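Hi,

Here is the structure I promised to pass on. Have a look, and below it you'll find my notes.

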Amino acid sequence: MDTTPHPLWWQTGVIYQIYPRSFQDSNGDGVGDLTGVIQRLDYLSSTLGVDAIWLSPFFPSPQADWGYDVANYTDVDPLFGDLTTFDQLLAEAHRRGIRVIIDWVPNHTSDQHPWFIESRSSRNNPKRDWYIWRDARAGGLPNNWLSLFGGPAWEWDENTGQYYMHSFLKEQPDLSWRNPEVKAAMFDVARFWLERGVDGFRIDVAHFIMKDPELRDNPLNPKRADTAYKPLGAYDTQIHLHDKGHPDGHAIWREFRALLDAYSAGQPRYCVGEIHIFDWREWGSYYGANLDELHMPFNFALLFAPWQAASIRKTVDDLEAALPRGAWPNYVLGNHDEPRLASRVGRDNARLAAMLLLTLRGTPTLYYGDEIGMTNVSIPPGRQRDPFGLCVPGQGRDPCRTPMQWSDAPNAGFAPPHATECWLPLSPDYREINVECQLAEPTSFLNLYRRLLACRKSTPALQWGSYHPLGGAAKDCYVYLRQAKNQRILVALNFSEQEQSLDLSTFGHGRIRASTCMDREGQSNLAPLVLRPDEGVMVECASNREVIS
Ligand code: GLC
């Protein structure tokens with residue numbers, strides 16, 4: 001009997017996040033665009049070898065939150081191109097076997113979206129209830145809810161004498177998902193893109209859409225313990241019980257999944273939700289009781305786990321234990337909202353992180369530039385663009401959004417040499433750290449990523465095999481086995497700055513498939529396996545041994 005599973009593309013594949021403003025500027029206005037992405041598809045498919053791209057928003061927008069304030073969900077902002085360019089991008093990506101997922105931003109629109117312009121025009125407008133409007137309470141705010149980007153979550157509208165709610169900027173009013181017309185309109189948006197051929201969606205703040213129907217006050221958080229995944233300042237003075245994460249959201253996700261499934265006959269569609277929830281049970285509930293909601297809630301836990309073997313292993317093991325039966329895991333080490341990986345863990349450890357991300361069980365999502373070890377760029381005060389950072393000091397996300405470093409040419413090859421100033425400053429290190437230089441250097445970051453991606457693609461144990469952590473490893477090392485049928489891959493990661501010697505003699509001999517130092521391959525004795533400081537090694541074990549079940 002053939003017991004080979006038949007995993008889908010989003011399970012075996014590696015997804016690469018493109019922040020379109022910063023990837024490739026084709027027309028010299030200092031902002032990346034869709035034609036630029038097309039120009040770089042060969043890099044993504046042939047040079048790097050990823051399977052799918054996720055494009056952050058490119059829709060018409062006043063750019064108050066750099067595109068996460070959408071003014072028209074079914075078009076392309078002229079900054080980035082037009083629908084024809086998008087269709088071309090999709091066709092060119094598909095021709096190379098690359099799937100395309102796009103952002104779907106359901107929680108809020110721009111205040112310039114025609115729906116909101118109508119909604120705020122009068123209390124009797126048919127779209128009034130598409131947003132969350134409330135009277136003042138005792139002459140003040142309707143309740144105590146706060147905006148994540150600072151200040152109250154309520155903005156007074158002089159014209160109609162009520163407040164509207166916004167979880168983020170006041171330029172991003174929250175839609176009222178309890179109104180079936182909103183759901184119908186946003187589902188039509190999804191249909192529009194599915195019919196154009198996209199392979200799926202990344203859902204922005206998926207856990208925010210449903211709030212307490214009575215809009216009750218949030219309880220205070222007297223201990224001021226973090227209420228989110230990282231300290232968020234004044235936002236942490238409350239426990240965010242009522243302003244997001246209401247269980248009624250699950251019914252929406254079930255319907256949304258049914259919509260995707262209805263489009264999946266010839267082309268499996270997929271959605272991943274941005275869910276910042278760190279209670280594993282609650283997080284896991286977004287897969288759906290019958291795996292009938294999101295294909296995956298993003299798993300951000302590795303972004304915040306202390307960078308030590310024991311805590312990284314615990315994070316992975318906790319996830320594996322908490323996953324609903326049959327649910328598919330995933331891992332993220334960087335995105336457009338978080339400090340750069342190489343800055344968080346250091347450049348040497350970022351190589352170890354690459355091996356971890358690309359050998360764990362589950363779908364990895366890579367953030368553009370992490371494959372060359374881009375670091376946070378310090379942004380001078382006059383050039384800071386992120387509204388979060390401008391509203392809440394210390395929260396700026398510009399440092400991780402700087403232009404991709406393609407070469408040592410003027411503008412790092414991101415923009416043509418004659419371009420106007422890039423929208424964010426280039427990293428001062430771009431002459432040394434760029435794609436072109438790293439392609440020429442055999443042991444570079446980029447060549448490590450290419451090697452690991454190629455290994456993953458050709459190794460069923462890594463693509464869909466089981467995961468078994470191994471106990472008894474030296475302190476500061478994390479060792480696990482990936483296994484599919486009789487193929488077994490050992491991954492041994494040394495998180496310390498000392499050499500470590502591991503007795504893996506029960507596995508006999510093995511063949512080193514990759515080392516993060518990129519200077520050893522081939523047959524190796526596993527008694528012992530010696531790891532250098534910060535080294536990770538991936539070994540294919542002789543397959544005639546007893547298989548762990
Ligand atoms: C998500 C996005 C972030 C944006 C916010 C508001 O968290 O990832 O960039 O600012 O939603 O839309």
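**What I found**

Let's start with Leu 44: leaving aside residues up to four places away in sequence, Leu 44 touches Tyr 16, Ile 18, Phe 23, Gly 49, Val 50, Ile 53 and Ile 98. Do keep in mind that this is a predicted model.

Leu 44 also belongs to a bigger picture. The largest nonpolar core has 145 residues, and Leu 44 is among those with the most contacts inside it, along with Tyr 16, Ile 53, Trp 104, Phe 201 and Tyr 478. There's a second, separate core too, with 16 residues, including Leu 490 and Phe 507. As background, nonpolar side chains tend to be buried together in soluble globular proteins.

Now for the helix that holds Leu 44. H3 covers residues 41–48, and its buried residues are Leu 41, Tyr 43, Leu 44, Ser 45 and Leu 48. Those buried residues pack against two strands, E1 (15–18) and E2 (52–55), and against helices H2 (34–39), H4 (83–95), H14 (435–440) and H15 (445–457). Just after H3 comes Gly 49, with a positive phi of about 95 degrees.

On to the ligand. Which residues come nearest to it? Of the 14 around the ligand, they are Asp 65, His 108, Asp 204, Glu 274 and Asp 337. By class, that shell has 7 charged, 4 nonpolar and 3 polar residues. A polar side-chain atom of Asp 65 sits 2.5 Å from a ligand oxygen, while for Arg 397 the distance from a polar side-chain atom to a ligand oxygen is 3.0 Å. On its own the ligand has 310 Å² of accessible area, and the protein covers 97% of that.

Cheers

Notes
Residues numbered from 1 in each chain as written. Predicted model: local features only at pLDDT ≥ 70, side-chain atom pairs only at ≥ 80, totals over all residues. Heavy atoms only, no water. Core = buried A, V, L, I, M, F, W, Y, C linked by side-chain atoms within 4.5 Å. Buried < 20%, exposed > 50% of the residue type's maximum accessible area, 1.4 Å probe, protein only. Contact = heavy atoms within 4.5 Å. Near = heavy atom within 4 Å. Polar contact = N/O pair within 3.5 Å; in protein donor to acceptor, adjacent residues only side chain to side chain. Areas by Shrake-Rupley, 256 points an atom, 1.4 Å probe, with all protein chains shown as cover. Nonpolar A, V, L, I, M, F, W, Y, C, P; charged D, E, K, R; others polar. Helix = DSSP H or I, 4+ residues; strand = E, 2+ residues; numbered from the N terminus.
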